[in-house]
Amino acid sequence: QDDPVPTTIRDQFPILHRGDGDPLVYLDNAATTQKPQAVLDAITTYYTTVNSNVGRGYHTLGLTATDRYEDARETVRAAIGAARADEIVFAASCTAATNLLAETIGRRLVGPGDQVVITGMEHNSNLLPWRRLCETTGAELVVVPVGADGRVAEADFAAAMGERVRIAAIAHVSNVLGTVNPVADMVARAREYGVVTVVDGAQAVAHREVDVTALGVDFYTFSAHKMYGPMGIGVLYGKWDLLGDLPPHHVGGGTVKAVSHAEPVRYVGVPARLEAGTPNVAGAIGLAAAFDFLRDLDRDRVRAHDAMLTRAVVDAVDDLDAVRVVGDPGKDPCGIVSLVVDGIHPYDVGSHLDAHGIAVRCGVHCASTFLDSMDMVGTVRLSFAIYNTVDEIERVRAALRTVRPGFWTAEHPNTRFL
Ligand code: PMP
């Protein structure tokens, strides 16, 4: 099969050309993607020409930095189809955004006897904040099971909705199997019960055109670093009716209109109220550059590329008797394929691939509850970015042919890479 990834794309990623022997085969993009030169340049240019604190200094540099930060917010708004720029809150990460929600709207809406619904495929970052909320408020966490096909049945999700449910928190795309949840339908169903929806888009934004308005979600969270942007910056999108009214999560500089020791504190509006302290300005600018990069790539092309690589993996392991693809990633490919090798622990498979210069994630992928429900100790996860090639999948196949049992056993507890 011809490799349709032009070298012009690979050339934009300096880390792929480190020049220390074999080229890096990086198939751990669901953990974090590599960064194109345009993103690195946007960050460097900010620090070398504009760096100043934002929303504070009334000098030219400070005002320019503030403009660039707000421009980045507008870029994110346009990229995800939000109605207003102040519906975009910059957070440290997807995880930070979800915690913010659990601690603000969660505490406002959820009380004893109420329910919060999640699915059985959630990453710990979209499980633990809700679990802690339930534990501390006397609410019940309801987990909608994932079927044998790796999907949440619509009937099961619908059955979980009801008068006691306050919040439904669901992954857009599973970070273990790449399953794409029918978010628009789930949100519509939740709305029938007045349930507030939170969608974890961490694994979606690099692979799908996300339109929060079309999806109808109340809140949507993601991290920049999984979509070619920098670490340390993420987004909380919220519908203005709900978001605009949230109390501050952290308090401090940048959140207040007036403070005196005698009077009640008066806070500024959202988003500044939810971005206490000095924000990650360079991160926001890098994120905006990453959205520009994705726009120029064209998501249809990204989708076709994901489908091609998924097919290549499925074909490559077809005649390797010991290797099995988990779930059905070919159905709606979204850049993730999980494999298991009979009789060989995923950690050993991962180490073997690493010895062949191939970086993958192995283990439970911060979703041990999902792996437990499938009665699995872990998987070997191949996750794609636009720079991956069919040739790299061939290298995985060649390495898998020689993998042998090693140190880890199925009985061994997952103590290393939770
Ligand atoms: N949700 C999902 C589905 C993820 O894959 C991840 C990252 N592995 C997160 C949430 C958390 O993202 P971050 O660590 O960037 O906060």
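**Reading the ligand shell and the aromatic rings**

Mentor: In this predicted model, the shell around the ligand is made of two nonpolar, eight polar and two charged residues.

Trainee: Which residues surround the ligand?

Mentor: The ligand is surrounded by S93, C94, T95, H123, S125, N175, D200, A202, Q203, S223, H225 and K226. Asp and Lys count as charged, and the shell includes D200 and K226.

Trainee: How should I read a polar contact, and which side chains have a polar atom beside an oxygen atom of the ligand?

Mentor: One looks for a pair of N or O atoms within 3.5 Å. For Q203, a polar side-chain atom is 2.7 Å from an oxygen atom of the ligand. For S223, the corresponding distance to an oxygen atom of the ligand is 2.6 Å. In the case of H123, an N or O atom of the side chain lies 3.1 Å from a nitrogen atom of the ligand.

Trainee: How much of the ligand's exposed area does the protein bury?

Mentor: The ligand taken alone exposes 400 Å², and the protein buries 88% of that area.

Trainee: Let us turn to the rings. How many aromatic pairs does the structure hold?

Mentor: There are nine aromatic pairs in the structure. One of them joins Y69 and F90, whose ring centres are 5.3 Å apart and whose planes make an angle of 40°. The pair is called tilted because 40° is neither under 30 degrees, as in stacked rings, nor over 60, as in edge-to-face rings.

Trainee: Where along the chain do Y69 and F90 lie?

Mentor: Y69 belongs to helix α3, residues 60-80, and F90 to strand β2, residues 88-91. The two are 21 residues apart, and the pair links distant parts of the chain.

Trainee: Are Y69 and F90 buried or exposed?

Mentor: A residue counts as buried under 20% relative accessible area. Y69 is therefore buried, at 3%, and F90 is likewise buried, at 6%.

Trainee: Which residues form an aromatic cluster?

Mentor: F13, Y228, F293 and Y387 form one aromatic cluster. As for Y228, its C-alpha atom is separated by 6.7 Å from that of P36, although the two residues are 192 apart along the chain. P36 itself is in the loop between β1 (25-26) and α2 (37-50), and P36 counts as buried because its relative accessibility is 0%.

Trainee: Which charged residue sits over the ring of W240?

Mentor: That residue is R84, whose charged end sits 4.1 Å from the centre of the W240 ring.

Conventions:
Residues are numbered from 1 along each chain as its sequence is written. This is a predicted model: local features need pLDDT of at least 70, side-chain atom pairs count only at pLDDT 80 or more; totals for chains, interfaces and linings use all residues. Side-chain values use heavy atoms; hydrogens and water are left out. A residue is near a molecule or strand if one of its heavy atoms lies within 4 Å of it. A polar contact is a pair of N or O atoms within 3.5 Å; within protein, one must be able to donate a hydrogen and the other to accept it, and residues adjacent in sequence count only if both atoms are side-chain atoms. Accessible areas come from the Shrake-Rupley method with a 1.4 Å probe; for residues, only the protein chains shown count as cover. Rings of Phe, Tyr and Trp (its six-membered ring) pair if their centres lie within 6.5 Å; planes under 30 degrees apart count as stacked, over 60 as edge-to-face and the rest as tilted. Helices (H or I, at least four residues) and strands (E, at least two) are DSSP runs, numbered from the N terminus. Buried means under 20% relative accessible area, exposed over 50%, partly exposed in between (1.4 Å probe, protein chains only). A charge sits over a ring if NZ of Lys or CZ of Arg is within 6 Å of the ring centre and within 35 degrees of the ring normal.
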